[in-house]
Amino acid sequence: MATARESGRLKESGKVLDEATRKRRARKALEALELDNFHEDPHADLVMSKKVPKFQETLDNRSVKRKKGKSAEYYKQRFRKTFPQLVEEDRNYNPNPPNYMSAQAAPSKCPERRFCAVCGFPSTYTCVKCGARYCSIRCSGTHLDTRCLKWTA
Amino acid sequence: MDYDDVFVLDNGACTAKAGFASSDDARIIPNCIMKAKSERRRPFIGDQVEECRDASGLFYILPFQKGYLINWDVQKNIWDYIFSAECLPVNFPETPVVITEPYFNFNSCKEAMTEIFFEEYDCHSLLRINAGDLSSYHYFNTNQNSLCCLLVDVGYSFTHIVPYIKGKKLKNGIRRIDIGGKVLTNHLKEITSYRQLHVMDETYVMNQVKEDACFVSLDFYKDMKIAQKRGKENTIVRDYVLPDYTSIRRGYVKDPAVAPSGEDGDQQTLRLNNERFTVPELLFNPSDVGITQMGIVEAIVDSLSVCPAETHPHLYRNIMLVGGSTLFPGFRDRVCKEVRTLAPCDFDVNVTLAKNPITYSWNGGRLLTQDPEFSSRLVSKDEYEDHGYNICLDRFDV
Ligand SMILES: [Zn+2]
Ligand SMILES: [Zn+2]
């Protein structure tokens with residue numbers, strides 16, 4: 001979906017990525033570094049076998065006398081909050097530093113270093129179309145053929 | 001004391017370090033549920049993954065997001081496994097529990113944790129504490145003459161730099177860098193997939209590649225030059241043999257001194273060159289991958305800048321490295337070298353890497369249970385029932 005939208009806009013803008021698209025690309029690359037999986041759940045289409053012990057059964061096997069436990073589903077409902085919700089909540093609950101937000105390391109004072117988007121070695125050139133770095137004609141060719149204006153990242 | 005043993009759980013985003021204080025060391029249990037393509041009807045909880053015959057394309061379900069406990073149903077399932085007869089059975093009504101949580105934990109996460117341990121597990125008593133507090137306890141316990149400790153904890157989700165002055169953390173000085181083992185593995189996956197082989201679905205294997213082959217460079221641009229050389233002059237490049245789960249169960253770095261033989265024909269290998277050191281480099285230069293935060297050494301100096309001047313010589317002399325990602329070869333030397341260049345020259349700089357950086361905090365918890373003050377830090381089940389959650393707010397310094 002994103003591919004279609006972007007390639008549409010690229011045609012209009014004369015095949016040079018605008019600042020907003022470059023920023024969105026960069027943000028997507030950062031978000032990808034936080035992902036747990038890139039593929040779909042391989043069991044998604046399955047109903048779990050009855051042979052798999054239910055978690056609650058494992059608990060009941062213990063000799064410990066205990067009241068009937070709540071299901072995992074209960075905890076999912078009871079404490080359902082996303083990470084952004086928690087951060088927002090913390091803004092109100094702990095408005096004064098030090099808190100989660102204030103603890104974040106500030107931007108570095110060192111100048112940014114530049115590396116080739118293809119091979120990872122130090123680079124001196126910048127792609128005029130998308131702003132990516134490259135180090136040589138060879139890497140520039142690879143970049144243009146693979147990622148530059150194509151949505152592969 | 002009306003208990004015999006204490007259960008210590010350093011509940012990390014990647015692994016839970018768990019065990020009774022009476023045991024020699026923690027058991028390290030992946031804090032996640034994994035699903036394999038090869039075993040279509042069985043999820044693997046925690047260290048059950050060791051029974052998985054083919055770990056290619058493992059799918060992860062994690063209780064943590066960005067270092068904070070978010071998916072409570074997942075965590076509850078994993079805890080139920082950890083505390084079961086299959087793993088480390090706990091008789092909760094007679095067992096105090098020490099459990100860790102991250103710095104600046106969110107209020108509702110703290111409440112949820114408290115509720116589960118008192119109302120669901122019925123534990124005897126509870127101490128919720130930052131993992132870093134346990135590490136600093138460990139440090140002061142083994143370095144009795146030290147007044148301060150600057151803790152650098154490189155975890156799975158993030159890195160924290162925390163000054164401890166006379167045993168207490170200076171919250172103002174805490175610095176968080178949003179890079180840990182997870183970002184490093186994902187970055188290695190990304191560049192490997194673009195440059196040579198699609199491994200985006202192979203987190204489990206690529207994490208092993210990272211652990212086996214990556215190192216922290218002591219001279220980044222010099223190593224870049226070496227990695228650009230061809231043939232024997234390139235002393236950095238290595239081939240990594242990937243597991244095929246028939247004859248090779250775990251991948252490994254090929255010995256560069258051994259010439260290739262005919263037997264290697266079917267092996268699938270990755271060629272690792274600058275990837276070996278540009279990946280851990282992100283911890284020192286997050287901006288290399290576009291994360292606009294200071295690296296570890298810059299953040300150490302920044303953290304110190306808010307500490308009282310008279311503590312500075314003590315903090316520089318007592319820098320302690322813990323957490324799984326400090327295990328890269330060269331990590332300690334790099335921190336030492338760079339801090340040395342930035343610290344005032346009349347100060348000693350002393351950087352220690354924990355003997356076992358993964359269980360250092362857990363072992364701090366084990367030592368803490370022997371502290372004469374320990375039982376006064378616990379909240380008992382009776383106190384919780386009488387005073388509710390508020391007593392935890394008063395007693396726990398998290
Ligand atoms: Zn290049
Ligand atoms: Zn381009």
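Analyst: A nitrogen, oxygen or sulfur atom counts as a donor when it lies within 2.8 Å of the metal. The model discussed here is predicted.

User: With that cut-off, which residues are the protein donors of the zinc ion (ligand 2), and how are they spaced in sequence?

Analyst: The donors are Cys127(A), Cys130(A) and Cys148(A), each through SG, together with His143(A) through NE2, and they lie 2.1 to 2.3 Å from the ion. These distances fall within 2.8 Å, so the four atoms qualify as donors. Along the sequence, the donor residues follow the spacing C-x2-C-x12-H-x4-C. Cys127(A) sits in the loop between S1 and strand S2 (133-134) of chain A, whereas His143(A) belongs to helix H7 (residues 137-146) of chain A, so this pair ties together parts that are 16 residues apart in sequence. Both Cys127(A) and His143(A) are buried.

User: What makes the arrangement around the zinc ion (ligand 2) tetrahedral?

Analyst: The four donor atoms subtend angles of 95 to 118°. Four donors are called tetrahedral if all angles lie between 85 and 135 degrees, and therefore the arrangement around the zinc ion (ligand 2) meets the criterion.

User: Which residues coordinate the zinc ion (ligand 1), and why is its arrangement called tetrahedral?

Analyst: Cys116(A), Cys119(A), Cys135(A) and Cys139(A) coordinate the zinc ion (ligand 1) through their SG atoms at 2.3 Å, and these donor residues are spaced C-x2-C-x15-C-x3-C in sequence. The angles of 102 to 118° lie between 85 and 135 degrees, which is why the arrangement is called tetrahedral.

User: How do you know whether Cys135(A) and Cys139(A) are buried, partly exposed or exposed?

Analyst: Buried means under 20% relative accessible area, and exposed means over 50%. Cys139(A), at 9%, therefore counts as buried, whereas Cys135(A), at 24%, falls between the two cut-offs and so counts as partly exposed.

User: What places Ser123(A) in its accessibility class, and which residues is it in contact with beyond its neighbours within four places in sequence?

Analyst: Ser123(A), in the loop between helix H6 (100-103) and strand S1 (125-126) of chain A, has a relative accessibility of 10%, which is under 20%, so it is called buried. Its contacts beyond those neighbours are Arg114(A), Phe115(A), Cys116(A), Arg133(A), Tyr134(A) and Cys135(A); of these, Cys116(A) and Cys135(A) are also donors to the zinc ion (ligand 1).

User: Turning to chain B, why is H4(B) described as it is relative to H5(B)?

Analyst: The axes of helix H4 (residues 181-195) and helix H5 (residues 203-213) of chain B come within 9 Å and cross at roughly 100°. That angle lies in the range from 65 to 115 degrees, so H4(B) is roughly perpendicular to H5(B). Among the residues making the contact are Leu184(B) and Leu188(B) of H4(B), and Met206(B) and Val209(B) of H5(B).

User: How do you know that strand S4 and S5(B) pair, and what sheet do they belong to?

Analyst: Strands pair if at least two bridges are found between them; strand S4 (residues 33-35) of chain B and S5(B) have three, in the antiparallel sense, and therefore count as a pair. Within that pairing, Lys35(B) stands opposite Pro43(B) in S5(B). The sheet is open, with three strands in the order S5-S4-S6 and antiparallel pairing. Its edge strands are S5 (43-45) and S6 (59-61) of chain B, each of which pairs on one side only.

How values were computed: Residues are numbered from 1 along each chain as its sequence is written. Chains are lettered from A and ligands numbered from 1 in the order in which they are written. This is a predicted model: local features need pLDDT of at least 70, side-chain atom pairs count only at pLDDT 80 or more; totals for chains, interfaces and linings use all residues. Side-chain values use heavy atoms; hydrogens and water are left out. Helices (H or I, at least four residues) and strands (E, at least two) are DSSP runs, numbered from the N terminus. Donors are N, O and S atoms within 2.8 Å of the metal (3.2 Å for Na, K and Ca); water is not among the atoms, so sites may look incomplete. Four donors count as tetrahedral if all angles lie between 85 and 135 degrees; four count as square planar and six as octahedral if opposite donors are over 155 degrees apart and all others between 65 and 115; anything else is irregular. Buried means under 20% relative accessible area, exposed over 50%, partly exposed in between (1.4 Å probe, protein chains only). Axes are lines fitted to C-alpha atoms, for helices over the stretch in contact, and angles run from 0 to 180 degrees between N-to-C directions. Angles under 35 degrees count as roughly parallel, over 145 as roughly antiparallel, 65 to 115 as roughly perpendicular and the rest as oblique. Contact means heavy atoms within 4.5 Å.
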